[in-house]
Amino acid sequence: MTKEKLIKEYDILQEKFGSKERNSVYGGGKEKNPELCLVFINPTARNIATDKNWTGVRYQWLGTKQIWQFLTKAGLFSEELNNKIQNMKVYDWTTDFCEEVFREVANNNIYITNLAKCTQDDARQLPDSVFKEYKNLFFEEVKLVNPRKIVLFGNQISSIILDRKISVSEQRKKIINLKIDDRDFDCFAVYYPVGNGFFNAPKAIEDLKYIKEI
């Protein structure tokens with residue numbers, strides 16, 4: 001499946017599961033053979049790319065601050081660029097600056113995506129059934145990107161993708177195999193580091209540093 005076909009499928013599922021007033025959001029960064037693929041849950045409505053009037057790239061976490069601080073502390077993002085982000089207002093995020101941010105993501109050899117690409121108007125937790133609608137598309141995305149290691153943030157996403165009950169606290173720093181067709185990928189379950197999971201960010205940073213080095 002091509003990237004363009006995936007995007008069409010994501011937009012169809014946005015109409016089915018997301019807000020009719022918002023855009024779906026896609027993966028971005030180093031799109032071929034990155035060291036790390038970071039997989040989050042579903043887009044936040046605080047992402048400026050979810051606005052129907054947005055004309056720039058539609059990647060993860062645009063216009064937000066917490067995740068860039070987290071990635072910087074984990075050694076996966078520019079401290080200089082993060083400092084700039086932390087002092088910006090949402091309306092300061094131009095289309096050119098968003099592209100600059102994801103060039104930096106690519107330069108750090110990482111790709112950032114969500115399992116579900118549908119955006120809600122609020123922060124409600126999606127049921128497993130919605131995420132499972134995206135699972136096969138996620139596998140197609142992984143095959144296209146071909147990451148060396150996949151980082152799954154949180155119990156829910158880890159369990160759905162790996163098709164078994166996962167508790168991050170029991171799986172830290174352990175390689176978990178994911179087989180997609182005839183290809184094997186090394187996965188790691190890591191604490192969700194932002195929002196309600198912010199208190200687990202230090203453990204997630206520790207684990208990301210470990211995963212990066214092995």
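Strand S2 (36–40) sends Leu36, Leu38 and Phe40 to one side and Cys37 and Val39 to the other, and all of these are buried. In a regular strand, side chains alternate between the two faces of the sheet. S2 is mostly covered, with five of its five residues buried. Do keep in mind that this is a predicted model.

**Strand pairing**

S2 has partners to look at in S3 and S4. With strand S3 (residues 110–114) it pairs in the parallel sense over five bridges, and Cys37 stands opposite Tyr111 there. S2 and S4 also run parallel, joined by four bridges, and Val39 has Leu152 of S4 as its bridge partner.

Another pairing involves S5 and S6, which are antiparallel and share five bridges. Lys179 is matched with Asp184 of S6. The two strands form a hairpin with two residues between them, and Asp181 in the turn has a positive phi of about 55°. How do the faces of S5 (residues 176–180) divide into covered and uncovered? Ile176, Leu178 and Ile180 make up the covered face, while Asn177 and Lys179 make up the uncovered one.

Here are the pairings side by side:

| Strand pair | Sense | Bridges |
|---|---|---|
| S2 and S3 | parallel | five |
| S2 and S4 | parallel | four |
| S5 and S6 | antiparallel | five |

**Helix H8 against the strands**

Helix H8 covers residues 201–213, and at 1.5 Å a residue its 13 residues should span 18 Å; the end C-alpha atoms are 18 Å apart, so the expected and modelled spans agree. Its buried residues are Ala201, Ala204, Ile205, Asp207, Leu208 and Ile211. An α-helix has 3.6 residues a turn, so residues three or four places apart point the same way. What do the buried residues of H8 pack against? They pack against strand S2, helix H2 (66–73), strand S4 (149–153) and strand S6 (183–190).

**A buried lysine**

Is Lys117 buried or exposed? Lys117 counts as buried because its relative accessible area is 0%, under the 20% cut-off. Lys117 sits in the loop between S3 and helix H5 (128–145). Its side chain makes a polar contact with the side chain of Thr113 at 3.1 Å. A polar atom of the Lys117 side chain also lies 2.4 Å from the backbone oxygen of Asn114. Leaving out residues up to four places away in sequence, Lys117 touches Tyr10, Gln14, Ser24, Val25, Tyr26, Pro43, Tyr134 and Glu141.

**A partly exposed glutamate on H5**

Glu133 belongs to helix H5. With a relative accessibility of 40%, Glu133 counts as partly exposed, because that value falls between the 20% and 50% cut-offs. Which residues does Glu133 touch, not counting those up to four places away in sequence? They are Leu13, Lys16 and Phe17. Phe17 and Glu133 are 116 residues apart in sequence, yet their C-alpha atoms are 9.7 Å apart in space.

**The largest pocket**

If you are looking for open space, the largest pocket holds about 790 Å³. Its lining is made of 30 residues, and Ile41, Ala123, Tyr192, Val194 and Asn196 lie nearest the centre. H2 and helix H6 (155–162) each supply at least two residues of that lining. H6 gives the most, with three residues. Helix H2 therefore turns up in two places: in this lining, and among the elements that the buried residues of H8 pack against.

Technical notes: Residues are numbered from 1 along each chain as its sequence is written. This is a predicted model: local features need pLDDT of at least 70, side-chain atom pairs count only at pLDDT 80 or more; totals for chains, interfaces and linings use all residues. Side-chain values use heavy atoms; hydrogens and water are left out. The expected span of a helix is 1.5 Å times one less than its number of residues. Buried means under 20% relative accessible area, exposed over 50%, partly exposed in between (1.4 Å probe, protein chains only). Contact means heavy atoms within 4.5 Å. Two strands pair if DSSP finds at least two bridges between them. A polar contact is a pair of N or O atoms within 3.5 Å; within protein, one must be able to donate a hydrogen and the other to accept it, and residues adjacent in sequence count only if both atoms are side-chain atoms. On a 1 Å grid over the protein atoms alone, a cavity is a set of points where a 1.4 Å probe fits but cannot get out, and a pocket is an open set with protein on both sides within 12 Å along at least five of seven lines; lining residues have an atom within 4 Å of a point. Grid points are joined across faces, edges and corners, and a volume is the space filled by probe spheres set on the points.
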